[in-house]
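Trainee: I would like a close look at a single part of this model, the surroundings of its ligands. Could you take me through them, one ligand after the other?

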Amino acid sequence: MSNIARHVAIIMDGNGRWATERGLKRVKGHERGAETVRTVTTFASNHPEIEVLTLYAFSTENWRRPKMEVDFLMRLLDNYLKNETKTYIKHQIRFETIGDLSRFSSALQRRIAAVKEETKGFKRLTQVLALNYGSQDEIARAAAQLCRSGEAISVETLGRRIESARFGPVDILIRTGGDQRLSNFLLWQSAYAELFFTPTLWPDFDPDELETIIAEFKTRTRRFGGI
Ligand code: IPE
Ligand code: IPE
Ligand code: MG
């Protein structure tokens, strides 16, 4: 039986370089990157296997960027959610998030909650945006919860407490932009993910390339430790 691409996760990297290469400001790359989010999400919602698409949009480390860029990203996210609600509805996509939202403005938190509420019944695809997300932080918080509760620590109990683990193990993990690292993304769920690194910068990534990756994924032998 061939591999099923149930959960696809993407580290969307390379927006800044895409813009700089064109003599544009970095934020222009983020704008174009948001368009790629829409096309790739729509493609995934029409794909027969993909049930979950997790997209790394903002890491716990991205606060280190200049305030102007961080502010731009926050506005971009707010506008994206406002303008794309119709896309979520049209393609029956449930919107979800992972990460600590408490550091975002209350207006943005309300927007996020509203889109989740409006799309919670949809089942064609769950799009999970990783926002102020960091895997180590999340695993540490889950372990601390277990300690406080007095429960024994095991793969099962910890797995149940990790917030993002509710979307299940990652089948395909893609990083665009040419770097080959995980940058603190879904460390727990990617234990047996098939990894794909592409030099394509995120604004240039498209459904055709995702299809090529899925085709290669189908040819890989996943052993999960067996023979
Ligand atoms: C990824 O693109 C998007 C975010 C981290 C928000 P970058 O902004 O990291 O683009 P590069 O890596 O600098 O080209
Ligand atoms: C990873 O990209 C985070 C996101 C895509 C949101 P970064 O550009 O922040 O990662 P590093 O700093 O190159 O590892
Ligand atoms: Mg980057």
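**Around the two ligands**

Mentor: Happy to. By class, the shell around ligand 2 is made of five nonpolar, two polar and four charged residues. Please keep in mind that this is a predicted model. The residues in that shell are Ile11, Met12, Asp13, Tyr56, Ala57, Phe58, Asn62, Arg65, Arg175, Arg181 and Ser183. Strand β2, residues 52-59, supplies the largest share of the shell, with three residues.

Let us go through the polar contacts of ligand 2. Ser183 places a polar side-chain atom 2.6 Å from an oxygen atom of ligand 2. For Arg181, a polar side-chain atom is 2.8 Å from an oxygen atom of the ligand, and for Arg65 the corresponding distance between a polar side-chain atom and an oxygen atom of ligand 2 is 3.3 Å. On its own, ligand 2 has 390 Å² of accessible area, and the protein covers 77% of it. As for its location, ligand 2 sits in the largest pocket.

Now to ligand 1. The space that ligand 1 takes is the largest pocket, and the pocket where ligand 2 sits is likewise the largest one. The elements that contribute two or more residues to the shell around ligand 1 are α1 (15-21) and α2 (26-45). Of these, α1 gives the most, with three residues. The full shell of ligand 1 consists of Met12, Asp13, Gly14, Asn15, Gly16, Arg17, Arg26, His30, Ala57, Asn62, Arg65 and Leu73. Sorted by class, that shell has three nonpolar, five polar and four charged residues.

Some residues appear in both lists. Among them is Arg65, found around ligand 1 and also around ligand 2. Its side chain has a polar atom 2.7 Å from an oxygen atom of ligand 1, besides the 3.3 Å contact with an oxygen atom of ligand 2. Asp13 is another residue that surrounds ligand 1 and is listed around ligand 2; a polar atom of the Asp13 side chain lies 2.8 Å from an oxygen atom of ligand 1. With Gly16 the backbone takes part: one of its polar backbone atoms is 2.9 Å from an oxygen atom of ligand 1. Taken alone, ligand 1 exposes 380 Å², of which the protein buries 88%.

Conventions
Residues are numbered from 1 along each chain as its sequence is written. Chains are lettered from A and ligands numbered from 1 in the order in which they are written. This is a predicted model: local features need pLDDT of at least 70, side-chain atom pairs count only at pLDDT 80 or more; totals for chains, interfaces and linings use all residues. Side-chain values use heavy atoms; hydrogens and water are left out. A residue is near a molecule or strand if one of its heavy atoms lies within 4 Å of it. A polar contact is a pair of N or O atoms within 3.5 Å; within protein, one must be able to donate a hydrogen and the other to accept it, and residues adjacent in sequence count only if both atoms are side-chain atoms. Accessible areas come from the Shrake-Rupley method with a 1.4 Å probe; for residues, only the protein chains shown count as cover. On a 1 Å grid over the protein atoms alone, a cavity is a set of points where a 1.4 Å probe fits but cannot get out, and a pocket is an open set with protein on both sides within 12 Å along at least five of seven lines; lining residues have an atom within 4 Å of a point. A molecule sits in a cavity or pocket if more than half of its atoms lie within 2 Å of its grid points. Helices (H or I, at least four residues) and strands (E, at least two) are DSSP runs, numbered from the N terminus. Ala, Val, Leu, Ile, Met, Phe, Trp, Tyr, Cys and Pro count as nonpolar, Asp, Glu, Lys and Arg as charged, and the others, Gly among them, as polar.
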